[in-house]
Amino acid sequence: MASFTLAASAAQFAGAKLDSRRAPAPRAQGRRAVTVCAGPKRVMIAGAPASGKGTQCELIVEKYGLVHISAGDLLRAAVKEGTPAGLEAKEYMDRGDLVPDSCVVTMVVDALDTPAAKEKGWLLDGYPRSASQADAIAKEGIEPDTFLLLDVPDDKLVERVVGRRLDPET
């Protein structure tokens, strides 16, 4: 699994932690560890609303040139374009129901199967959101090289969300 180093100001992401489910490899004394990933990077990022996903996605895309794929953006675009999947999704959305995993998985798989995503690599933003979605995309053979979890304390999230409501630009 490849690793990334992300730089951001401490004030901007106070309280954020990276949960790396994998222990780092032991280092020889006086030597630096280097992780090399052959081929395009495949990255998933998750976190609560206001955890900084959008900011981190911008930084990652800029630094690594990955194709940014957001399930929410895919849904909105499909509905706007009137695609078959978009029309199906719209029926659920209009009722206030969740769009079925099968519909969203199809959109995500199609987005990851584009020439740009295959050539440049991809950053899947905020998806999967559940174990069933993770299982569904795993069955499609989609596995990231890196999974980033932005774990921000609840009090910081509330502070950021309240700040968004007061800021006329956001």
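Helix 1 comprises 12 residues, which at 1.5 Å a residue should span 16 Å, and its end C-alpha atoms are indeed 16 Å apart; the expected span is 1.5 Å times one less than the number of residues. Helices (H or I, at least four residues) and strands (E, at least two) are DSSP runs numbered from the N terminus. The model is predicted, with local features requiring pLDDT of at least 70, side-chain atom pairs counted only at pLDDT 80 or more, and totals for chains, interfaces and linings using all residues. Residues are numbered from 1 along each chain as its sequence is written, and side-chain values use heavy atoms, without hydrogens and water.

Lys53, Gln56, Cys57 and Ile60 are the buried residues of helix 1, buried denoting under 20% relative accessible area, exposed over 50% and partly exposed in between (1.4 Å probe, protein chains only). Viewed down the helix axis, these residues fall within an arc of 105° and so line one face of helix 1; the arc is that of the directions from the helix axis to the C-beta atoms. They pack against strand 2, strand 3 (67–70), strand 4 and strand 5 (146–151), contact meaning heavy atoms within 4.5 Å. Exposed Glu58 and Glu62 occupy the face turned away from the buried side of helix 1.

Backbone features occur on both flanks of helix 1. In the loop between strand 2 (41–47) and helix 1 (53–64) lies Ala50, a non-glycine residue with a positive phi near 75°. Ala50 counts as buried because its relative accessibility is 5%. Gly65, just after helix 1, adopts a positive phi of about 70°.
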